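Notebook open, coffee poured. I want to see how this chain is put together.

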Amino acid sequence: MAPDQTPEILRLSLQDLVLRVKICKLGAIEPTLAEALDPPLAKNIRRAIDALVDVKALTAAEELTPLGRQLAKLPLDVFLGKVILL
């Protein structure tokens, strides 16, 4: 492995990662992701949360909605998953 390879957590879709944090009940999103060895930038985490609120996968209080639970099960981008589900 190359020493300067990008960590996997920084290559993943943050929206998917946020949904996984909520599905696994690991606690609040931002503090949980901030504990990672190579955490994503706080502004990128906030953008992912805001995007999930926009598609109604999360409530304003950052709780999963029924749609969010379904989207977390799909191996797709949340926007594409919403189109398929609705």
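What percentage of the 86 residues in the protein is buried? I get 31%, with buried meaning under 20% relative accessible area (1.4 Å probe, protein chains only).

Housekeeping before I go on. I am working on a predicted model, where local features need pLDDT of at least 70, side-chain atom pairs count only at pLDDT 80 or more, and totals for chains, interfaces and linings use all residues. Numbering runs from 1 along each chain as its sequence is written, and side-chain values use heavy atoms, with hydrogens and water left out.

**Fold.** I looked up the secondary structure and found six helices and zero strands; helices are DSSP runs of H or I with at least four residues, strands E runs with at least two, numbered from the N terminus.

**Size.** I checked the radius of gyration, taken over C-alpha atoms: the protein has 13 Å, which agrees with the value near 12 Å for a compact globule of 86 residues (rule: 2.2 Å times the number of residues to the power 0.38). Along the principal axes, the C-alpha atoms fill a box of roughly 45 × 25 × 20 Å.

**Core.** Next I went for the largest nonpolar core, which has 18 residues. Such a core is a set of buried Ala, Val, Leu, Ile, Met, Phe, Trp, Tyr and Cys residues joined through side-chain atoms within 4.5 Å. Helix 2 (14–23), helix 3 (29–34), helix 4 (42–54) and helix 5 (66–73) each supply at least two of its residues, and helix 2 gives the most, with five.

I then picked Val18, one of the residues with the most contacts inside the core. Leaving out residues up to four places away in sequence, Val18 touches Ile29, Leu33, Ala48, Ile49, Leu52 and Leu58 (contact: heavy atoms within 4.5 Å).

Terms used: Buried < 20%, exposed > 50% of the residue type's maximum accessible area, 1.4 Å probe, protein only.
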